[in-house]
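Let's walk through this protein together, one region at a time. Keep the structure open beside you and turn it as you read.

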Amino acid sequence: MRLGVQLPLAFLSLHLGRFTLAVDTWCGKAYRSSDPAVDPGGRIVAPPRSPAPLLNLKIRPRAQPYLEEDIVGTFIVDAPLSYFYGQPYDNTLFGQQNDGALKLLSNVSEYNTISFYVNRSDDAIRPISYATVKLNSTGTLFDFDLSEFEPRFEPYNLSVVAMAPNNHIYMASTQILRLPSRSDGGSVTKIDSLHGGLLVKATTISNSSSGAWTPLFPYSFYLDGNWLGEDPKNMNVLKNYGYNVLHIVPAGGLGYDFEQLDEWLDQAQQLGLWIMFDMRWQYQNASGVDWQVNQLKRRPNMLLWYTADEPDGQVDALNAPKRAYDQIKSLDPYHPVSLCLNCENYHYQEYSTGADIILSDVYPIGTNTSWSTQYGTVCNSTYGCCGCDNCQGYNNLSNVPARLDIYREYQMQLGLPPKVLWGTPQAFGNSEFWKQTPTPEEEVAMTLLSVNHGAKGIIMWTFPTTPDLTDVTSRLAKVLTGTCAEYLLGADIITGLAVDGTSAVDASAWRVGNSILLSIVNSDYQDMTGPVTLHLPAEIVATSISTVLWGDAEWRVTNVDSKTQIQRSGLQGLSSDILILSLELPLFVEEQDSTAVAR
């Protein structure tokens, strides 16, 4: 729920005798004290445990989309084993570890791989690629020849047939889109489906001579257009602060003064700011969508579209985001579509199908998550609105990463490829449900907790904000969009690193070449006085801290029995640190594509 936004005109009809009452709802839940609680439904329920192991075979192209100029494409193949997702596998091949995870028996090594064919299912089942993949692996890459696919605006359907050593057949499917190259001066934004980042060509908004695809970590705010219009120099202010995306929140109705908007977008292009275009008030209006997309789709600094703002909270029509998505893609297949979800578990499947990128806005600062100060009611899974749907605790920062984790889990439970997830940290307060504004320490912690749990972009609500938050986000912008982007968008994330001495520290790592980026967040408000020890995975041996990008230099590297520990004495409450570690040479790693350029 957004600050200053009118509560939704979403109604749940209750039939009492011959009378019908309209009930205001948020996330499908009644929230006024005069209305009774009614189970909102719309939940995703975890699947039951299978009595036998399952093979969850998935395949997808790494880049979305490919272009006429691209010669070689890449498939991502996942073949994980589980007791919850996939098709039955041979139960005699596995033992079970103490933690319940599956483990291949050592005496059946010949069963460690499966073979598969990729076929064009729209062309008499013509084989495109053949390869093998390790069982219980994810993120395996296979190149293929794009000349098989003539550039066009319709996707190609592909089928995958895999043969396991037990002679069982496993099926999967995917699509590939290879578009004609642009000749109108407009930009193209690719999604790297391996690491979840955006890829752009800087030549479209700068004088750079490089035509290479480069990763972009979006870091910015939802922006008040009234502030932007106060002074022509305010666009320069945004650029100087280090934000790299212009996301203007439209007023009601059509949403924009398009003569003024054109001037702003021209200025943004000159400054190298990318456009995240918001059509929240018009996304359910087909003619409005058509007009706005055609107005902007050829801009050199167009990055992505933003359609629905909290459609699940406002209980928009379940198919509205998907209708808008399909319409936008028919008009402009060169840019991704995004939307922001607010609810923890309310029709996620229906609303999320309307976007390539899902933003999550969880606002836990200064709000009572169990009692609504606005409406004088309790808040729980079936009733009430407290400004943070199904959140736990007061100022509990763990609500922020938990929402990203659960959205990722929903994709798996639905048997769908992962969605790209972005964070929307709270940068406001002292109004409605939120009785205080985040401190700079809380702001940084919420942002890095999002990053630690896979957010590939950050768009905060809302700007202008307090001077303290402006200062700290400006400093953090230069870190996240600079050195960090190479790691965050160019490597697999290693989450949930083990930490001794506290349960409040959240740490993740990204390895590129012979260095590793380490992000450490203490979500506890209290200072810690004892030793804190963080353990890197056994296969990663670090020698030193080469750079401190954020925080202090009190951490030190030690190696015990060739296992790396990152240690310090004491830890300040709500502290955040970003470090780059040098790794021991020579470092043996399996052959992998660690760059952010998706082929």
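A good place to begin is the middle of a sheet in this predicted model, where Leu517 stands opposite Ile580 of strand β40. These two residues sit in a pairing between strand β35 (residues 515-522) and strand β40 (residues 576-583), which is antiparallel and extends over 7 bridges. Zoom out a little and you will find that both strands belong to an open sheet of 5 strands, ordered β32-β34-β35-β40-β37, with antiparallel pairing. At the edges lie β32 (493-494) and β37 (542-550), each pairing on one side only. Helix α10 (residues 467-480) packs on this sheet, where it touches β37 and β40, and its direction makes about 135 degrees with that of β37.

Two details of the backbone are worth a look around here. Just ahead of α10, in the loop that links β31 (458-463) to this helix, you will find Pro464. The peptide bond joining Phe463 and Pro464 is cis, with omega about 5 degrees. The other detail is Leu574, which lies in the loop between β39 (563-571) and β40. Leu574 is not a glycine, yet its phi is positive, near 60 degrees. With 8% relative accessibility, under the 20% cut-off, Leu574 counts as buried.

Now let's step back for the whole chain. The protein chain has 11 helices and 40 strands, and 55% of its 599 residues count as buried. Looking at contacts with a separation of 6 or more, 71% are between residues 24 or more positions apart. So which residues does Gly186 touch, leaving aside those up to four places away in sequence? They are Arg298 and Arg299. The C-alpha atoms of Gly186 and Arg298 are separated by 4.1 Å, although the two residues are 112 residues apart along the chain. Gly186 itself is in the loop between β18 (178-179) and β19 (190-192), and at 11% relative accessibility it counts as buried.

Next, follow the chain to strand β25 (residues 302-309). How many of its 8 residues are buried? The count is 8 of 8. Strand β25 has parallel partners: strand β24 (residues 274-278) is joined to it by 4 bridges, and strand β26 (residues 337-341) by 3 bridges. To find these pairings on screen, look for Ile275, whose bridge partner in β25 is Met302, and for Tyr306, which stands opposite Ser338 in β26. Between β24 and β25 the chain passes through helix α4 (residues 286-296), making a right-handed β-α-β crossover. Beyond β25, in the loop leading to α5 (311-314), is Glu310. Glu310 has a positive phi of about 55 degrees although it is not a glycine, and at 1% relative accessibility it counts as buried.

Ahead of this region in sequence are two helices that are easy to compare side by side. Helix α2 (residues 234-241) and helix α3 (residues 258-271) pack at an angle of about 35 degrees, with axes 10 Å apart, and their crossing is right-handed. On the α2 side the contact is made by Met235, Asn236 and Lys239, and on the α3 side by Trp264, Gln267, Ala268 and Leu271. Sorted by character, these residues are 4 nonpolar, 2 polar and 1 charged.

Finally, turn to the early part of the chain. Strand β8 (residues 72-79) is mostly covered, with 7 of its 8 residues buried. Strand β5 (residues 58-61) pairs with β8 in the antiparallel sense over 4 bridges, and Ile59 stands opposite Val77 there. Strand β15 (residues 137-145) is also antiparallel to β8, over 7 bridges, with Asp143 as the bridge partner of Thr74. Look as well at the loop between β6 (63-64) and β7 (66-67), where Pro65 is placed; the peptide bond from Gln64 to Pro65 is cis, with omega near -5 degrees.

One more sheet completes the tour. It is open, with 3 strands in the order β9-β4-β10 and antiparallel pairing. The edge strands are β9 (81-82) and β10 (87-88). Strand β4 (residues 54-55) is joined to β9 by 2 bridges, and Leu54 stands opposite Ser82.

Key:
Residues are numbered from 1 along each chain as its sequence is written. This is a predicted model: local features need pLDDT of at least 70, side-chain atom pairs count only at pLDDT 80 or more; totals for chains, interfaces and linings use all residues. Side-chain values use heavy atoms; hydrogens and water are left out. Axes are lines fitted to C-alpha atoms, for helices over the stretch in contact, and angles run from 0 to 180 degrees between N-to-C directions. A crossing is left-handed if the near helix is turned anticlockwise from the far one by less than a right angle, and right-handed if clockwise. Contact means heavy atoms within 4.5 Å. Ala, Val, Leu, Ile, Met, Phe, Trp, Tyr, Cys and Pro count as nonpolar, Asp, Glu, Lys and Arg as charged, and the others, Gly among them, as polar. Two strands pair if DSSP finds at least two bridges between them. Buried means under 20% relative accessible area, exposed over 50%, partly exposed in between (1.4 Å probe, protein chains only). A crossover is right-handed if, with the strands pointing away from the viewer, the path from the first strand over the helix to the second runs clockwise.
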